[in-house]
Amino acid sequence: MRLWGVIYPVALYVVVTNIVMFLLNLVWKQTDENYLIFHIITTVVAFPVVRSFYVRPEKKENVAYHYIRYLFLAGMGAAAAVVLNNLIALTPLLEASGTYQEVSAALYGNTIFWEILATGIFTPVIEELLYRGVVYQRLREWLGIVPAVLLSAVLFGAMHMNVVQFVYAGLIGLLLAYVNETFGLSASIMVHAAGNIIGIVRTETGFLSAGGSRMNFWIETIFGLLFGIICLLFLLWSKHTK
């Protein structure tokens with residue numbers, strides 16, 4: 001029954017989103033250009049379903065609603081995304097995964113406004129609510145913190161349905177579960193959103209892109225890693241000194 005309690009919310013989310021996508025396709029054929037609009041609609045419909053499973057922890061979130069702390073959370077999320085994307089780019093995964101190429105065409109097939117709205121705002125909210133607010137918390141109650149961090153990250157990666165995003169989402173899922181455990185759900189939403197948004201900005205504008213230079217690539221990667229660590233250390237320090 002504990003396992004079913006973990007799987008059922010994810011399965012219901014998948015069913016609801018697929019039904020909504022199917023119904024939308026009956027009246028408006030899905031293309032790369034309108035995929036993100038479809039995604040926003042399905043997220044809005046699925047949100048109350050996912051929200052019904054969420055039980056707010058009794059303890060108060062450790063990160064106060066203070067803009068400086070949220071800036072550091074955003075900085076850590078952006079840095080993590082840059083580092084992980086750079087490291088994955090060193091592997092042959094990007095070219096080898098045809099499914100990832102199709103997903104990328106859909107995710108980046110609209111204007112940057114719709115990309116940020118859908119992938120940078122709506123997606124982090126519902127995914128964090130589901131995978132950290134529901135799945136991680138239920139695994140934590142059942143198995144403890146460390147297994148919950150690992151298993152929720154694996155499930156989060158697997159649900160992206162292609163090897164590139166499995167690796168990226170699985171690794172970032174470890175960070176998101178840790179952030180959720182340490183600072184709360186709103187903090188993991190901020191980290192997730194910042195990571196997605198910096199990915200969009202890099203893809204669409206070339207900002208913070210190494211531009212093909214190997215030296216610039218490693219400078220950017222190492223700087224991103226150090227910056228992310230500094231952000232995390234500040235957050236831990238502020239948590240214990242507030």
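1. Methionine 161 is exposed in this predicted model, with a relative accessible area of 61%. Because exposed is the term for values over 50%, methionine 161 falls in that class. The residue sits in the loop that runs between α7 (145-158) and α8 (163-183). Its phi is positive, about 65°, although methionine 161 is not a glycine. Most residues other than glycine have a negative phi.

2. A positive phi is also found at glycine 206, just after α9, with a value of about 80°. As for α9 (185-205) itself, its 21 residues should span 30 Å at 1.5 Å a residue, and the end C-alpha atoms are 30 Å apart, which agrees.

3. Serine 209 belongs to the loop between α9 and α10. Its relative accessibility is 43%, so serine 209 counts as partly exposed. Leaving aside residues up to four places away in sequence, serine 209 touches Arg202 and Glu220. Glutamate 220 is eleven residues from serine 209 in sequence, and their C-alpha atoms are 8.1 Å apart in space. Glu220 is itself among the buried residues of α10.

4. Helix α10 (residues 214-241) has 28 residues and reaches 41 Å from its first C-alpha to its last, close to the 40 Å expected at 1.5 Å a residue. Which residues of α10 are buried? They are Phe217, Glu220, Thr221, Gly224, Gly228, Cys231, Leu235 and Ser238. An α-helix has 3.6 residues a turn, so residues three or four places apart point the same way. The partners against which the buried residues of α10 pack are α3 (67-89), α8 and α9.

5. The axes of α8 and α10 come within 12 Å and cross at roughly 15°. That angle makes α8 roughly parallel to α10, because the term applies under 35 degrees. The crossing in which α8 passes α10 is left-handed. On the α8 side the contact is made by Tyr178, Thr182 and Phe183, and on the α10 side by Leu232, Leu235, Leu236 and Lys239. By type, the contact residues of α8 and α10 are five nonpolar, one polar and one charged. Leu235 thus appears both among the buried residues of α10 and in the contact with α8.

6. α3 packs on α10 with the axes 8 Å apart and an angle of about 150°. The pair is roughly antiparallel, because the angle is over 145 degrees. α3 and α10 cross in a left-handed sense. Residues in the contact of α3 with α10 comprise 16 nonpolar, six polar and three charged.

7. At the N-terminal end of the numbering, helix α1 (residues 2-27) packs with helix α2 (residues 35-51) at an angle of about 140°, the axes being 9 Å apart. The two helices are therefore oblique to each other, and their crossing is right-handed. α1 contributes Leu12, Tyr13, Val16, Thr17, Val20, Met21, Leu24 and Asn25 to the contact. From α2 come Tyr35, Phe38, His39, Ile41, Thr42, Val45, Ala46, Val49 and Val50. How many residues of this contact are charged? There are no charged residues in the contact of α1 with α2, which divides into 13 nonpolar and four polar.

Key:
Residues numbered from 1 in each chain as written. Predicted model: local features only at pLDDT ≥ 70, side-chain atom pairs only at ≥ 80, totals over all residues. Heavy atoms only, no water. Helix = DSSP H or I, 4+ residues; strand = E, 2+ residues; numbered from the N terminus. Buried < 20%, exposed > 50% of the residue type's maximum accessible area, 1.4 Å probe, protein only. Axes fitted to C-alpha atoms, helices over the stretch in contact; angles between N-to-C directions. Parallel < 35°, antiparallel > 145°, perpendicular 65-115°, else oblique. Left-handed = near helix turned anticlockwise from the far one by under 90°. Contact = heavy atoms within 4.5 Å. Nonpolar A, V, L, I, M, F, W, Y, C, P; charged D, E, K, R; others polar. Expected span 1.5 Å × (residues − 1).
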